[in-house]
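This report describes selected features of one protein model. Helices, salt bridges and surface patches are taken in turn.

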Amino acid sequence: MILRRRLITIPRSIAFFVLTTVLLPVLFVVAAVVDAARAAVRRRPWMATRMLAFGWVFQAVEIWGLLRFAGHWLGAGFGARRRWMVDRAWLVQAWWARTLFGAVRRLFRLDVTVEGEDLTTPGPIIAMFRHASIIDNLLPAYLLTDRHGLRLRWLIKRELLGVPSLDVGGTRLPNHFVDRSGTDPRTELRSIGILAADLGTSEGVLIFPEGTRFTEKRRQRALNSLAERDPRLHARAERLRHLLPPRLGGPLTLLDTGYDVVFCAHEGLGGFAKVKDLWSGALVGGTIKIRFWRVAAADIPHGRRQRIDWLFDRWEALDQWISDTKASGAVTLPAT
């Protein structure tokens with residue numbers, strides 16, 4: 001199944017990159033005409049050219065990453081030296097995040113501020129990140145792996161195996177691709193527990209407790225589900241304005257490890273859950289504010305119900321920080 005998938009996704013990615021590169025001059029002319037018209041009529045930032053440029057950079061990073069992975073496999077004696085190959089895969093992951101996030105910052109002229117970054121190390125930690133954007137999935141690898149050398153084991157959706165570099169590199173590293181198609185939840189939770197076992201001082205496990213990117217539609221869907229299953233938690237989840245209520249299975253399983261928990265919230269990337277959301281130009285010239293908090297394992301309560309209440313307490317605190325940050329004007333986005 002893995003070979004069959006890669007025989008489809010890798011050639012497709014290469015062909016798309018070659019085609020895009022050949023047509024790039026023409027595409028940029030078309031994009032520039034579109035942007036000029038939008039700027040003249042609606043006073044919108046130039047987005048077509050920015051999105052085209054980032055799309056090409058993403059493809060180039062994808063292809064170069066695959067070439068590096070192939071070179072590592074050859075250098076490891078056709079995969080025989082597994083540990084050597086894995087060590088270099090971490091370097092590729094850090095490079096991938098640094099390059100793509102750097103491209104986002106430059107193309108969209110973003111100012112980024114980070115508070116509490118010193119709290120992220122040492123490991124082992126459970127890293128719980130807000131997920132509101134197609135961009136914020138770069139933050140864990142960029143901020144923790146690239147800048148602090150923290151090797152994160154990711155819990156990510158299985159659908160991302162359709163991206164060749166994430167398929168090859170992600171399965172080479174100790175990650176778990178969550179199957180959301182109806183697999184027995186107990187099997188998934190056992191896999192999560194195994195993934196988080198025996199972490200060292202330079203390691204952590206990453207989870208996005210919301211399970212997906214925030215949108216108002218998804219928020220309402222989550223509230224409707226909680227209203228049927230757990231009215232008490234529904235009442236608490238209704239108070240969240242910027243976050244989806246955390247899904248409980250993965251976070252509670254990870255809390256059983258006895259590791260410290262590092263929370264990460266950010267503001268300035270919300271509202272960009274899909275590529276089309278970038279079209280408004282609201283991201284251009286914005287400020288992204290990122291904040292970390294750390295909770296020692298000794299301060300996390302025992303017992304399932306107590307931990308659920310604790311997790312919702314923390315999630316409400318993150319939600320309030322986002323509200324306060326918006327109100328303070330620390331994050332400014334141009335009018336659209």
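Gly 77 follows helix α2 and has a positive phi, near 70 degrees. The model is a predicted one. Helix α2 covers residues 48-75, and its 28 residues should span 40 Å at 1.5 Å a residue. The C-alpha atoms at the two ends of α2 are 40 Å apart, which agrees with that expectation. Within α2, the C-alpha atoms of Met 51 and Leu 66 lie 23 Å apart, for a separation of 15 residues in sequence. Met 51 belongs to helix α2 and counts as partly exposed, because its relative accessibility is 22%.

**Salt bridges**

The whole structure holds 18 salt bridges. Three of them are listed here with the distance between the closest N and O atoms.

| Basic residue | Acidic residue | Closest N to O distance |
|---|---|---|
| Lys 289 | Glu 115 | 2.8 Å |
| Arg 239 | Glu 316 | 3.0 Å |
| Arg 294 | Asp 260 | 3.1 Å |

The bridge from Lys 289 to Glu 115 has its closest N and O atoms 2.8 Å apart. Lys 289 sits in strand β7 (residues 287-295) and Glu 115 in strand β1 (residues 111-115), so this pair ties together parts that are 174 residues apart in sequence. Lys 289 counts as buried, since its relative accessibility is 17% and the cut-off for buried is under 20%. Glu 115, at 33% relative accessibility, counts as partly exposed.

Strand β7 also contributes Arg 294, which forms a salt bridge with Asp 260 at 3.1 Å between the closest N and O atoms. Asp 260 is in strand β6 (residues 260-267), so the pair ties together parts that are 34 residues apart in sequence. Arg 294 has a relative accessibility of 25% and therefore counts as partly exposed.

Arg 239 and Glu 316 form a salt bridge with a closest N to O distance of 3.0 Å. Arg 239 lies in the loop between α8 (231-237) and α9 (249-255), whereas Glu 316 lies in helix α10 (residues 304-328), so the pair ties together parts that are 77 residues apart in sequence. Both residues are partly exposed: Arg 239 has a relative accessibility of 48%, and Glu 316 has a relative accessible area of 22%. Arg 239 and Glu 316 also belong to a network of salt bridges that links them with Arg 232, Arg 236, Asp 309 and Asp 313.

**Surface patches**

Ile 14, Val 18, Leu 19, Val 22, Leu 23 and Leu 27 make a nonpolar surface patch of about 500 Å². Ile 14 is in helix α1, which runs over residues 2-42. Ile 14 has a relative accessible area of 40% and is therefore partly exposed.

A positive surface patch is formed by Lys 217, Arg 221, Lys 274 and Lys 276. Arg 221 is part of helix α7 (residues 216-229). With a relative accessible area of 51%, Arg 221 is exposed, because the exposed class begins over 50%.

How values were computed. Residues numbered from 1 in each chain as written. Predicted model: local features only at pLDDT ≥ 70, side-chain atom pairs only at ≥ 80, totals over all residues. Heavy atoms only, no water. Patch = residues over 30% accessible without salt bridge, like charges linked within 9 Å, V, L, I, M, F, W, Y side chains within 5 Å. Areas by Shrake-Rupley, 256 points an atom, 1.4 Å probe, with all protein chains shown as cover. Salt bridge = Lys/Arg side-chain N within 4 Å of Asp/Glu carboxyl O. Lys, Arg positive; Asp, Glu negative; His and termini not counted. Charge placed at Lys NZ, Arg CZ, Asp CG, Glu CD. Helix = DSSP H or I, 4+ residues; strand = E, 2+ residues; numbered from the N terminus. Buried < 20%, exposed > 50% of the residue type's maximum accessible area, 1.4 Å probe, protein only. Expected span 1.5 Å × (residues − 1).
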